[in-house]
Amino acid sequence: MLILDNVDLTSVQSCLKQLQPLLDEARYSEASKLCHKCLKKWPGENSFYRVKAFCEIQLSRWHSCLQTIGWLHGYRVHPSIANSKTTESDNDSVKESIKEGVKIHYNNDICCWLHFEQSYCYYKLGKYKLGLKTLLMCYNNLPPQDLLKSSHGHGSVNQNKVNEEELYEKSDLGSIIFNDKKLTLLLAQLCLRIGNFKEASDIYSKLKLKGAESLLSINRLSVDLSLSSQYSKDNELLTSLVKKIDDHIVERHDPYELYFNYACAFVLLDDVIRAQDYLDIANEMLENELKQEGADLDPEEQVEFANILAFRAYLNFKRSNFELAKSINTNLIKTFINSLDVDQATVLVSLNNQLFFGYLHIHNYHLARLIRDNELYRVEPAEVTSMVRKIENLIKKEQIYRKFSDSELRMIHGNCIWACLSSGNLKEAHRYLENFNRSLHQKDLLLYKAALMCVEGKYTKSISLLRQAITQFGDHRFVLSLTKLLIKQIKYKDALSLLQQNQSQYQEYNEYYKEYHQLYVKLCILLGLTNEVVSVLNNYINNPKSGCDEVVRTGCNYLENNGHHEDVVKICNYLYQRDKTDLSAKLGIVYNQTFLNESFIEMDEQFSNNAEELENEYKITYNIGEEENVGKSKARRRNKRRNKKPKNIVGNPDPERWLHKHERYLHYSAFSSPTGNKPRGGRICQEVPHKDQPQLILLNQLQAQLQPHPAMLRGKVKWLDDSSHFYSILTNYTLKLAINHLMSIKFSLKMLLMQSS
């Protein structure tokens, strides 16, 4: 074991010989300390800076590595100058010797200015733009600078700050190739993290490394998949990738990451079954690699299984295996939530998916109903708060949120807000909005605030806020959300005028086209506008992508009930002529033409044969004798209530004689007379009870009447729609009902006081 107090510091070569065995034995901490001692004696020797920076990177001491680079370039105080015993002349000699260490930029294609080390530290700290700027400075022969702007700077040799825009203008990222290959690889990875997929793909296509073809092919495949995800699933790049995947033959020595990326490619093509097949191959390859290394296959010990499990949960959800998907995701969170070796971005995805499995951000209405009705997918309020807090802590870290696109971050924020609203935790929703007020998009912020006001019962403020958002942005979501809220408030005419004013925005077929026309038809039905329903349906079916879906069925059902069979036949005939395989349209014509004199299509043999086959297969016989007794139960003999009216009535009858015994105010022993004897008979002929008793009874009644509804205490929410969930309203007593209770109590108090007097 090397004792640092007894090291030989007589020459640079002797120090390098002592460092070599420390590096071979991976004793990086001791090697770093020895380099620190050597730098105090030889501050101008560049090799000690490089070895110390390498040791700090191996120990994951990113800030310490940046400090070492600062010593070399003079923007951090050197340890040889920090000594108080040194004079100014000594400090000047140290600075001159430091300048000798940065005279040469490249030595045998190795960057002696430590640009790679500084850029890699920024990369690991999540400062991707700073890392890219460092590499561009290296490409333009500029020395490193303190880009973090730390407070430790005490005067830099390079005082002139480089403008970032000038660096980007002078250099084309896709054409940059360094002499040092690791700089080029780091540049491609930084372009991938920032989102410059095209530049990263160009760099990988030009790069050639001996003995690392598999690594380059995997990295280039992942970059190409990221680039193709920005376009439609029929793009040329994705099609060429799928052809290469089909031509590839599975071999045992292939890394598991290759097949993991193959699974990602088929997810982009919506081929979930083939994606799951390649994910199974990736899992098998990973197990074989671990067996060859003699490692344990326990998922708790191997963090590589985390990404595979998260991907498997997603694929099971796409295949509608909701229960299996949630169980896999739950086990993943329990296993890796406290592991620091797992990529924290994977943990963030798993937590977000757990909220998603709790029916919190689902756009498909039927899927929402299916999951909502199952108790397995409900998330407790305490569990929601815990997961939202964990997501909030992860998403604040720059090295984590940089890995997600803007749309993905908006989805995560939306899931957290809807989770808090659905669990009834409004304070948590307010706190979340305050923390991410600046990072959220203005559109999303207005929508979340409107949702919060709606759940709190402030419908007028919510409507005004949505109208402000429509005026400011004119987004489709705000129009549809405000329409549904107006329908809920029984303001049908206002909702209809709103849809008519924004009709021009819904002429093209998109995700909001169907929902807009569905709301339009619903409002026309509520207002009884039959002719308007016909015009809306005609406008809807003119789009070639529309069919005999829920919008057409709802409108046609209303027209059939009102006797407009001719209009229904015209609509269904138009759809049937466009698509001869549309059986719903054909059945609509066959049914409604029976009410008309004109026949549009004849009943073909297929319908009649199917009807005969069904009739022959399922024969139903009726027994007339038994049918008469079906549904008839034996007459139950009711005992006639005997007359309890006394024969000789003395005085006025008891006004509470029709109430149950426990509802009469003289029933309990607490309401006995002051003498201790329980009164008998009616209220008028007995002693007047204590003067505080009626008031006590009324206060107890008031307290019982004004208790909140149990559903409000449990924080349950009634879901009203399929896309914008913010119109969810807590079920509770209305103000009108509470006022009626108070009026009835006040009236009974007056009656009691009059009778007692």
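This is a short tour of aromatic rings and of one helix, α25, in the structure above. The model is predicted, and the stops below can be selected one after another.

**Aromatic pairs**

Begin by showing the side chains of the aromatic residues, among which the structure holds 20 aromatic pairs. A pair of aromatic rings is described by the distance of the centres and the angle of the planes. Select W42 and F48, whose rings form a stacked pair with 6.2 Å centre to centre and 25° between the planes. With a relative accessible area of 18%, W42 is buried, and F48 also counts as buried, at 0% relative accessibility.

Move next to F260 and F311, where the ring centres are 5.2 Å apart and the planes stand at 65°, so this pair is edge-to-face. Distant parts of the chain are linked here, since F260 belongs to helix α13 (residues 256-268) and F311 to helix α15 (residues 305-318), 51 residues apart. F260 is buried, having a relative accessible area of 18%, and F311 counts as buried at 10% relative accessibility.

**An aromatic cluster and a charge over a ring**

Now select W62, F116, Y120, Y123 and Y128 together, which form one aromatic cluster. While F116 is highlighted, add K182 to the view, because its charged end sits over the ring of F116, 4.7 Å from the ring centre.

**Helix α25**

For the last part of the tour, select helix α25 (residues 476-488), whose 13 residues should span 18 Å at 1.5 Å a residue; the C-alpha atoms at its ends are 19 Å apart, which agrees with that expectation. Just at its N-terminal end, D475 acts as a cap, with a side-chain oxygen 3.0 Å from the backbone nitrogen of R477. Staying with R477, look at the charged end of its side chain, which sits over the ring of F478, 5.8 Å from the centre of that ring.

How many of the 13 residues of α25 are buried? The helix is mostly covered, with 11 of them buried, including R477, F478, V479, L480 and K484. To see what surrounds them, display α21 (406-422), α23 (442-455), α24 (459-472), α26 (492-501) and α27 (513-527), against which the buried residues of α25 pack. Finish at I490, which follows α25 and has a positive phi, near 60°.

Notes:
Residues numbered from 1 in each chain as written. Predicted model: local features only at pLDDT ≥ 70, side-chain atom pairs only at ≥ 80, totals over all residues. Heavy atoms only, no water. Phe/Tyr/Trp six-rings, centres within 6.5 Å; stacked < 30°, edge-to-face > 60°. Buried < 20%, exposed > 50% of the residue type's maximum accessible area, 1.4 Å probe, protein only. Helix = DSSP H or I, 4+ residues; strand = E, 2+ residues; numbered from the N terminus. Lys NZ or Arg CZ within 6 Å of the ring centre and 35° of its normal. Expected span 1.5 Å × (residues − 1). Contact = heavy atoms within 4.5 Å. Polar contact = N/O pair within 3.5 Å; in protein donor to acceptor, adjacent residues only side chain to side chain.
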